[in-house]
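Student: I have a protein model open in front of me, and I would like to learn how to read it. Could you walk me through it?

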Amino acid sequence: MKNTIKSMIIASSLVAASASANLITNGSFESDEGLSGKQWGVFNSINGWYTSDGSGIEIQRNTVTSAQDGNQYVELDSHNGSSNSSMSQDLFGLTVGETYQLDFWYKARTTSTNDNGINVSWGESPDLSPFTYAFNVDGIAPMPWTLVTGFLTATAADMTLTFSATGNENTLGGFIDNVSLKAASVPEPATIALLGLGLLGFASRRRKQA
């Protein structure tokens, strides 16, 4: 009986693990971004991400707010020239036709309306112009870090995910942290059935012993 329970737990864990693999590199922006002890900096590229429009990716280290995950987060209304910027990450080897769940945490910086917006775009690589709009998130301060979830379908094996700042170009905009992209598919019906049968067998043995 103990072996049966152990096998079921292992099988369940494997199913959960396969469904939860994050495809995003440096989703919490915790890689060494070259801040060199500073609280913030603007970069053309960071680990996993590159500037696809505008003046750069601004990384802050618990500066205006505390990060949602770790110590660093992104502001895309960055502190340079054309401050509304876009950052992109190319993803390879996706399953065409499969739906992926995008999760990220968002927080507005200013109290002005239409000033903290973030556009999410999703398109086939390497065609980044124009970006294929997916959805937008916006808000006003004060607000807590808020989880945003969207569903994106791969139309090619290689896709590009892009975040873009919208609103006034005043170097003050919405924050992003803890980005993940995972296959949204559920376990195969046969796997669910096997696990269910195992549970039924376990319950049946318990009743007989009682």
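Tutor: We will go from the overall layout to the sheet, the core and a few single residues. Please keep in mind that this is a predicted model.

Student: Let's begin with the layout. How many helices and strands does the chain have?

Tutor: The chain has two helices and 12 strands. Along the sequence, the pattern reads α-β-β-β-β-β-β-β-β-β-β-β-β-α, with a helix at each end of that pattern.

Student: What share of the residues is buried?

Tutor: Of the 210 residues in the chain, 39% are buried. As for the outside, the accessible surface is about 10,700 Å², and carbon and sulfur atoms account for 55% of it. You can also ask how far along the sequence the contacts reach. Taking contacts between residues at least 6 apart in sequence, 75% join residues at least 24 apart.

Student: Now the strands. How do strands hold together in a sheet?

Tutor: The general idea is that strands of a sheet pair through backbone hydrogen bonds, and the pairing can be parallel or antiparallel. In this model, six strands make an open sheet in the order S1-S4-S5-S12-S7-S10, with antiparallel pairing. Strand S1 (40–43) and strand S10 (146–153) are the edge strands, and each pairs on one side only. From one strand to the next, the twist averages 35°.

Student: Which residues could I look at to see the pairing for myself?

Tutor: Try two pairs of strands. S1 and S4 run antiparallel and are joined by four bridges; there, valine 42 has glutamate 58 in S4 as its bridge partner. Strand S7 (residues 99–107) and strand S12 (residues 175–183) are also antiparallel, joined by seven bridges. Tyrosine 100 stands opposite alanine 183 of S12.

Student: Which residues of S1 are on its covered face, and which on its uncovered one?

Tutor: Gly41 and Phe43 are on the covered face of S1, while Trp40 and Val42 are on the uncovered face.

Student: Which residues have the most contacts inside the largest nonpolar core?

Tutor: They are Trp49, Leu102, Phe104, Leu161, Phe163 and Val179, in a core of 35 residues. Several strands give two or more residues to this core, including strand S4 (57–61), strand S8 (118–124) and strand S11 (159–165). Tryptophan 49 is a good place to zoom in. Leaving out residues up to four places away in sequence, its contacts include Asn26, Ile57, Met87, Leu161, Phe163 and Val179.

Student: Asn26 is on that list. Where does asparagine 26 sit?

Tutor: Asparagine 26 is in the loop between helix H1 (2–19) and S1. Residues under 20% relative accessible area are called buried, so asparagine 26, at 12%, counts as buried. Its side chain reaches the backbone nitrogen of phenylalanine 29 at 3.2 Å, and the backbone nitrogen of serine 31 at 3.2 Å. Beyond its neighbours within four places in sequence, asparagine 26 contacts Ser31, Glu33, Ile46, Asn47 and Trp49.

Student: Is glycine 56 buried or exposed?

Tutor: Glycine 56 is buried, at a relative accessible area of 0%. This glycine lies in the loop between strand S3 (49–53) and S4. Not counting residues up to four places away in sequence, glycine 56 touches Val42, Phe43, Thr51, Ser78 and Ser85. Here is a nice one to find on your screen: the C-alpha atoms of glycine 56 and methionine 87 are 7.8 Å apart, with their places 31 residues apart along the chain.

Student: What should I know about the backbone itself?

Tutor: As a general guide, most residues other than glycine have a negative phi, and most peptide bonds are trans. Threonine 171, in the loop between S11 and S12, has a positive phi of about 65°. Asparagine 178, which lies in strand S12, has a positive phi of about 50°. Threonine 171 is partly exposed, at 24% relative accessible area, and asparagine 178 is partly exposed, at 24%.

Student: Which peptide bond is cis?

Tutor: Look at the bond from alanine 141 to proline 142: it is cis, with omega near 0°. Proline 142 is in the loop between S9 and S10.

Definitions and conventions:
Residues are numbered from 1 along each chain as its sequence is written. This is a predicted model: local features need pLDDT of at least 70, side-chain atom pairs count only at pLDDT 80 or more; totals for chains, interfaces and linings use all residues. Side-chain values use heavy atoms; hydrogens and water are left out. Two strands pair if DSSP finds at least two bridges between them. Axes are lines fitted to C-alpha atoms, for helices over the stretch in contact, and angles run from 0 to 180 degrees between N-to-C directions. Buried means under 20% relative accessible area, exposed over 50%, partly exposed in between (1.4 Å probe, protein chains only). A polar contact is a pair of N or O atoms within 3.5 Å; within protein, one must be able to donate a hydrogen and the other to accept it, and residues adjacent in sequence count only if both atoms are side-chain atoms. Contact means heavy atoms within 4.5 Å. A nonpolar core is a set of buried Ala, Val, Leu, Ile, Met, Phe, Trp, Tyr and Cys residues joined through side-chain atoms within 4.5 Å. Accessible areas come from the Shrake-Rupley method with a 1.4 Å probe; for residues, only the protein chains shown count as cover.
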